[in-house]
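I opened this entry to keep track of what I looked up, beginning with how the chains meet and going on to the charged pairs.

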Protein chains: 2
Amino acid sequence: MSDTTARDTPTSSERRARRGARAARRRERMSAPLVMLPTLERKIPLYEVLNEEGVELVHEASMRILEEVGIDFRDDEALAIWREAGADVQGQRVRMDRALLLGLVAQAPEVYTLHGRNPERTVRVGGPYTVFAPTYGSPFVLDFEGERRYSTLEDLYNFLKLAHLSPALHLSGGIVCEPVDLPVSRRHLHVAYGCLRYSDKPFMGATTARERAEDTLAMARMVMGEEFVAKHTVMTSVTNCNSPLVWDATMLDALKVYARANQAVLVSPFVLAGANTPASSVGAVAQLNAEALAGVAFGQLVRPGSPMVYGQFTATVSMRSGAPMAGTPEICLMNYMIGQMARRYRLPWRSSGMNAGSKLVDAQAAYESNMTMHAVLLAGANFVFHAAGWLEAGLSASYAKFVLDAEQMEMYYRYAQGAVLDDFAEAMEAVREVGPGGHYLGTAHTQAHFQSAFFIPELLDNNNYEQWLLDGSKDANTRALEKARGMLGQYEEPGLDPAVDEALRAFIREREAQLPETLS
Amino acid sequence: MSDTTARDTPTSSERRARRGARAARRRERMSAPLVMLPTLERKIPLYEVLNEEGVELVHEASMRILEEVGIDFRDDEALAIWREAGADVQGQRVRMDRALLLGLVAQAPEVYTLHGRNPERTVRVGGPYTVFAPTYGSPFVLDFEGERRYSTLEDLYNFLKLAHLSPALHLSGGIVCEPVDLPVSRRHLHVAYGCLRYSDKPFMGATTARERAEDTLAMARMVMGEEFVAKHTVMTSVTNCNSPLVWDATMLDALKVYARANQAVLVSPFVLAGANTPASSVGAVAQLNAEALAGVAFGQLVRPGSPMVYGQFTATVSMRSGAPMAGTPEICLMNYMIGQMARRYRLPWRSSGMNAGSKLVDAQAAYESNMTMHAVLLAGANFVFHAAGWLEAGLSASYAKFVLDAEQMEMYYRYAQGAVLDDFAEAMEAVREVGPGGHYLGTAHTQAHFQSAFFIPELLDNNNYEQWLLDGSKDANTRALEKARGMLGQYEEPGLDPAVDEALRAFIREREAQLPETLS
C-alpha cells in the first residue's frame, strides 16, 4: 500500500476513507437502475505516431499498390462493375488510378447513424463517435463450468442477453458464437431472430452467403418496417478481405446485398502481419490501407453514399511458431497508423478491442486485451469490434471474459470523457477547507462529487485481503461467472410484438423448408 | 480466429505461417544471450489531456495553495532551512511565494545520470529517457506455492536476482519486499547488501530513518568508492509526502541525507484520490503538484542541483468501500496531467506502472496493471516505479507477476520505439513480389526482418489449443512461476570483489552490534 514501507502513511488515510465511505455506500444503495451509455463522444485527444509526411508516404504506397500491382476481385459481377467504372480489369485483377478510387471513397459518409429497434439505443459511428460491439464468430465457448466446448444456440442467445444488459456495449452483436448445434445453412436465421428478439440494440447481420444477408435484411424489415429499413441503417455487418489483396466472392456478395440496402459494412482486411503482409508494421498498414480503400470504393460503386467502415482485424504473427499473437506493441502502433489513414480519407474506422490469445480468463488474457484496447481507444477507433468475450485468438467466447471486458469498456468510456474541470474551483476550496493533515471525506465538495468523481469497478475486487478471504477467495474469473449467471437470471426481454414474433418464426420455418441442411 | 466465421480466411494463412516459421525458429535458436536494454529513449509522442490553459490553471492553483494555505514540514531543521530561505514559517506551516519556490525548483536538473556499479547498467532519468524499476515495500509475498505469507530476506534476494536478469528492468530495486524475518532496525543493511551484491544495476536506498540512509550510502561507497559516489548519483530513493500537504520528519531526514550526498530522490506525494485529496482528478493533481514542488524546492535548499524526481503514487479511492483502487480511468487521466505539470517545471517525473488491487495473479491483476501502465508510458514518465511484481495494493509481491510484468515492460520498451519506416521501401517491394493471394514468409524482406519486426512474448502462450493442452494446459501464473524458478536456477552473481564483500559484511556486523533489535 505504500512506497516507503508497506505500513506507514497510507494506513491512517485508508482507515479514514473506509469510515467516511460507509455513509456514501448507504446513500448509493438506494438507486441503481440499469442505465445504458449512449454513443461515446470522445473528449480526449487522438494519439498519432506518424507525422504528416509519414501519412503521405503510406498513402502514396497504397495508391501505387492499387495502380500498379492491383487487387483481385474474385466475383464476375464485381469485375463488371469495376470495368464499367473505368478501372483496368485483367482477369480477376483490378487496377484503379487514384482519381477513380478517391472519388469513390469520398462518397462514403464520414459519420452514420445506426438505429436500434429501440430509438434510445440508436448510436452514431464516425468522427468523434465510438461504439463498442461484442466478440464474433467463435465456434467454441468457455462455459459456466470452465469447460471449452462447441457453442450452441443457447450460448449465442445468452451472449446476446448479456450484451443487451451491458451499459457500454452499443450493439448486441451478431454471431457472437457459432450455434454449432444447427446446420450451417440455417444458423443465420436463428442468429438474426436472437438479435431482434433478445435485444433492442443495433446488431450485425450474416455475411457468409448472399441469401443469408438477404434473409437477415428481410427479418429486420419485419421487425422495424420495410420503409424504416429502406431509409435507415439498422445493421453493421463485417466483410473480410482475404489479404494480401484479394476480395472473395462470398464477402463481395454480402457487401453488395447490404450496400444496396444502405446497411453499413465493416470493410475489413484480415491482417496476420508478417504472414499475409510484409514483416513491417508500416508496410502492413500500407497494404491494408489499399485493401480497405478498394473495398470501400467498390461499395460506393454499388450504392453511392452507403455507409462503409474502413477497418481491419490485426494480429502479428509469431515468427517462432507461425501463430497469430494478440496484445503486442506493434498492434498498438498499427492501430494508431490505421486511425490516421482512415481520417485522411474522412472514413469511420473499425478496430478490434479486447483480443487475446490466451486459452483461459487468466492474466495473459487481460494483459493482451488491455494492451490493445487502450491503444484502440486513443487511436480514435469508431467501431470497436470484439470489445467483450474474445479468447483464444477468437476461437472461443468466454462468459467470464464477456462481463469482465464489458466492465472495462465502461472504464474506457469514462476515460474518454477526459479531464473534467467544471468543479475545479470548488475542489480548490476543499483544499483550503481541509488544509495540511486533514481529510476530505466530510467536505461539501466530496459529498457533492463522490459518486461521479472516480469510477468504481464492480468486478475488480479492491477489498482488503481479509474481506476477500471472507468473500470466498474468488479470482476474477469466478466472480465474473457469478455476475454473468446473475445477469441472465435477472434478464428481461425488451419486448417484441407477438404478431411480429410469430411472423419471424413463420419466416424461419418457411426458409428452413427451402434450405438444405448443409455443413458449410 | 476470424471475424466472419471462425473457420474461413485465416486458416490457410495460418498454416502457411506455421510452415514458414519453422526455418526461422531453427535459425533463431542458435543465439539467445541475455541482452539488457539500455535506458529507454522514447521515440513516440507524449499524450496530454490538458490544454495550455488547463496547465496554467493547475499551476496557478498550486501556487496559491503554497502561498496561502501553506504546507507542513514536521521537522525543526527543515523549518529552520525554510526560514533562512525567506519563507513564511509559522509553527510547522510553511508558506512560500512562487518566486522563491520556482527559483529553487529551477535548480534541479532536467535529466540526471544514474550509475550502476557496472557502467553498462548506467541509465539516464528525465527528458526523453525512461527507466523501469521493480515493486517496493510489500510485507507479504505470493510465493512459488501460491501461498501468501510474510516475505523474508531470501524472497528479497530472489527478487533482486530476478530484476538483475530482466532485460527491461533498469534498477534492481531496493526493499522489493520486506525481510520480515529480520529486526526492522537492521533490515536496511541486508537490503543494501543484497542490492550491491546480487545485481550491478542502480538501486534504491532506505528512507525510513536518517541512519538507515547513511548506512546505505556508506555501503555504496565501499563498493563504488568514496570519490565515485561523491561525484556520481548511484541511487534513487523514495520519499513520500503524507498528503494532504504534510512532509514528515522521517522522510525529510532521508531526503536531507541523500540530497546532501547528491543522490537522487523521488519526491512523491502518496495520493489516495478522494480521501487525502479532493474528489476530483484535476483537483488531486493541483494538490500533489504543490506537494511535490515544495519537496523538490526543499531538496534544492539542502543542496542546489541535486537530482530530484517529481513524482507520486496515485490510487483512486472507492467511495463504496474506502479501499484504494488500481487501474481506473482517472489514474490514467491523472498521469497525463502530472506529466504535463512536471514538464512545465522541467523536472524528471516518476509514476507507478503495474499496480493492481487483486489478491492473485489473475485477470484482474493484469487488467489493472496494463490499464495504468499504458497511460504511464504515453504520459512520458521518466521513472516508472512498481513496474514489476506489485499485487494487492502493494501489500504483496508476486514472483509470477514479477516475471510477467517484466516481459510486459519489454513490450512497452519496444512500443516506445514507435513506427519504424527505415525498411518501408523494401516492404513495398515485397508487396509487389508477393502480389494478390500470395504469402510473405519466403520473401527476402521477411527473411531480413523477421526477428526484429514483431515482438514475440515468451510468457504469453499463442500456440493453438491442442499444443497448449500438450504443454500441460498451464495458465499464465503457472508458466510464470516456472520461468521465475528457471531464472533463479540459472542466475549467476555479477561478481563482487571478495575483499569488498568481506568489508561489507564486517560493516553489517559492526552496525548490527550498535543497533537495537527494534520492531519499527
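I first looked up the contact in this predicted model, and found that 162 residues from chain B and 163 residues from chain A take part in it. I then noted the area that chain B and chain A bury between them, which comes to about 13000 Å², with 66% of it on carbon and sulfur atoms.

Next I superposed the copies: a turn of 180° with a shift of 0.0 Å along the axis lays chain B on chain A at an RMSD of 0.0 Å. The two copies are therefore related as by a two-fold rotation axis. In chain B, I found that the C-alpha nearest this axis belongs to A363(B), at 2.1 Å from it. I also recorded that the same surface serves both copies, since 100% of the contact residues of chain B recur in chain A.

I went on to the polar side of the interface, where I counted six salt bridges between chain B and chain A. One of them joins D461(B) to K359(A), with the closest N and O atoms 2.9 Å apart. The rule finds 32 residue pairs in polar contact across the interface, both residues being at pLDDT 80 or more. Which element of chain B gives the most residues to the side that touches chain A? I found helix 12 (residues 363-379), with ten residues. By class, I read that side of chain B as 86 nonpolar, 45 polar and 31 charged residues.

I then turned to salt bridges over all chains, of which the structure holds 60. In chain A, E214(A) forms one with R210(A), the closest N and O atoms being 3.4 Å apart; both residues lie in helix 7 (residues 210-224), four residues apart, about one turn of the helix. I noted E214(A) as partly exposed because its relative accessibility is 35%, and R210(A) as partly exposed because its relative accessible area is 38%.

In chain B, I looked at R346(B) and E110(B), whose side chains meet in a salt bridge at 3.8 Å, N to O. This pair links distant parts of the chain, 236 residues apart, with R346(B) in the loop between helix 11 (329-344) and strand 16 (349-352) and E110(B) in the loop between helix 4 (98-105) and strand 5 (111-114). R346(B) is exposed at 55% relative accessible area, whereas E110(B) is partly exposed at 39%.

Lastly, I recorded a network of salt bridges that links D75(A), E77(A), D253(A), K256(A) and R260(A).

Technical notes:
Residues numbered from 1 in each chain as written. Chains lettered and ligands numbered in written order. Predicted model: local features only at pLDDT ≥ 70, side-chain atom pairs only at ≥ 80, totals over all residues. Heavy atoms only, no water. Least-squares fit on C-alpha atoms with pLDDT ≥ 70 in both. Contact = heavy atoms within 4.5 Å. Buried area = accessible area lost by both parts, 1.4 Å probe. Salt bridge = Lys/Arg side-chain N within 4 Å of Asp/Glu carboxyl O. Polar contact = N/O pair within 3.5 Å; in protein donor to acceptor, adjacent residues only side chain to side chain. Helix = DSSP H or I, 4+ residues; strand = E, 2+ residues; numbered from the N terminus. Nonpolar A, V, L, I, M, F, W, Y, C, P; charged D, E, K, R; others polar. Buried < 20%, exposed > 50% of the residue type's maximum accessible area, 1.4 Å probe, protein only.
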